[in-house]
Amino acid sequence: MKVGVVVFPGSNCDRDMYHVLTDVFNLDAQYYWHEKSLPKNIDAVILPGGFSYGDRLRAGVIAAHSPIIKDVQKMAKKGIPVLGVCNGFQILVESGLLPGVLLKNESLNFMCEWTNLIVENNKTPFTNQFKLNQKIPIPIANGEGRYYVDDKTLKELKKKNQIVFRYDEVVNGSSNRIAGVCNEDGNVVGMMPHPERAVESEINPIDNKPSSLIFESLLSKMGVSN
Amino acid sequence: MATYNVHVTIENKPGISDPEGETILNDLVLKGTHKTVSKIKTAKMLKFTIKEKDKKTAESKIKEICDDLRIYNPMVSKVTIDVFDA
């Protein structure tokens, strides 16, 4: 199974993601520079965290115009699983692949802490191994992580089961405590917390198993045993 | 063709919270003696210099750029475009 990790100027979680995909889950991962195209035989695409273009203008907006995004959009349309983490989520939102927008945290602080997520949709390629409402201890690290949608869009998201993760408690002022959403088809998922920083027991002081299920869900979707 | 300076101001739409503006108001201005201030909103300004045949064209061209390239996010922000002779 081939997984593409897209690298933008300013990505800084690409190597953590690559390490987890290859060393922890034995996947065939490849980096793809944002100016290149994605090969047609790719099985999943991950947009990692970081500060693409130094968050200039607005987090994710400049990277959303990178040439590779056209390929990501094509693959998303074909139903290929796409995951955006943190800055990757911001890029997915700014490129129109996911609804909503990510604003500065209400505290205006860069927040680097452990949070608890609640799984709200366990039908996506990244959540199919979870029980509904399962709790995931997972770190966040962002300055612009406050997910916002207007009331009309929020109703639509609820109706179409597009809210994938919510924070267990108020963290940054996100609408409806949303931490992650998916597109209508469910194959494109964006989340602010960092699963790649939580799947190994050596760096997760709480419980690494729930975060691992995000990657195990992808393996299960692809019919691959770890 | 003439040269114009175009100021694009991006600010949150009414109803979208602006914690930075609120902090400047509540924790700086109103803590001093300036009690007559009732609101502060932060905004980002981009200053373009553009060559176009007239002011109107300069304004519509900048509006097109802002919309096409998502210089502002229409869900939460609005833009004001002011054109000046350079």
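The buried residues of helix α5 of chain A are A:P210, A:S211, A:S212, A:L213, A:I214, A:F215, A:E216, A:S217, A:L218 and A:L219. A residue is called buried if 20 or more other C-beta atoms lie within 10 Å of its own, exposed if 12 or fewer do, and partly exposed in between, with C-beta atoms placed from the backbone. The model is predicted: local features need pLDDT of at least 70 and side-chain atom pairs count only at pLDDT 80 or more, while totals for chains, interfaces and linings use all residues. Residues are numbered from 1 along each chain as its sequence is written, and chains are lettered from A and ligands numbered from 1 in the order in which they are written.

Helix α5(A) covers residues 209-221. Helices (H or I, at least four residues) and strands (E, at least two) are DSSP runs, numbered from the N terminus. From its first C-alpha to its last, α5(A) reaches 18 Å, close to the 18 Å expected at 1.5 Å a residue; the expected span is 1.5 Å times one less than the number of residues. The helix is mostly covered, as 10 of its 13 residues are buried. Those buried residues pack against α1 (14-24), β3 (44-47) and β7 of chain A, where contact requires C-beta atoms, placed from the backbone, within 7 Å. At A:F215, α5(A) bends by about 30°, the angle between axes fitted to the seven residues ending there and the seven starting there.

Three residues of chain A with positive phi are listed below.

| Residue | Phi | Place |
|---|---|---|
| A:C86 | about 55° | loop between β4 (82-85) and α3 (87-94) of chain A |
| A:N133 | about 70° | loop between β6 (111-119) and β7 (135-142) of chain A |
| A:G223 | about 70° | just after α5(A) |

A:C86 is not a glycine, and neither is A:N133. A:C86 counts as buried because it has 29 C-beta neighbours inside 10 Å. A:N133, by contrast, is exposed, with 10 other C-beta atoms within 10 Å.

Chain B holds an open sheet of 3 strands in the order β2-β1-β3, with antiparallel pairing. Two strands pair if DSSP finds at least two bridges between them. The edge strands, β2 (43-52) and β3 (77-85) of chain B, each pair on one side only. Strand β1 (residues 2-12) of chain B is joined to β3(B) by 9 bridges. In β3(B), B:I81 is the bridge partner of B:V8.

The contact between the chains takes 11 residues from chain A and 9 residues from chain B.

Key
Contact = placed C-beta atoms within 7 Å.
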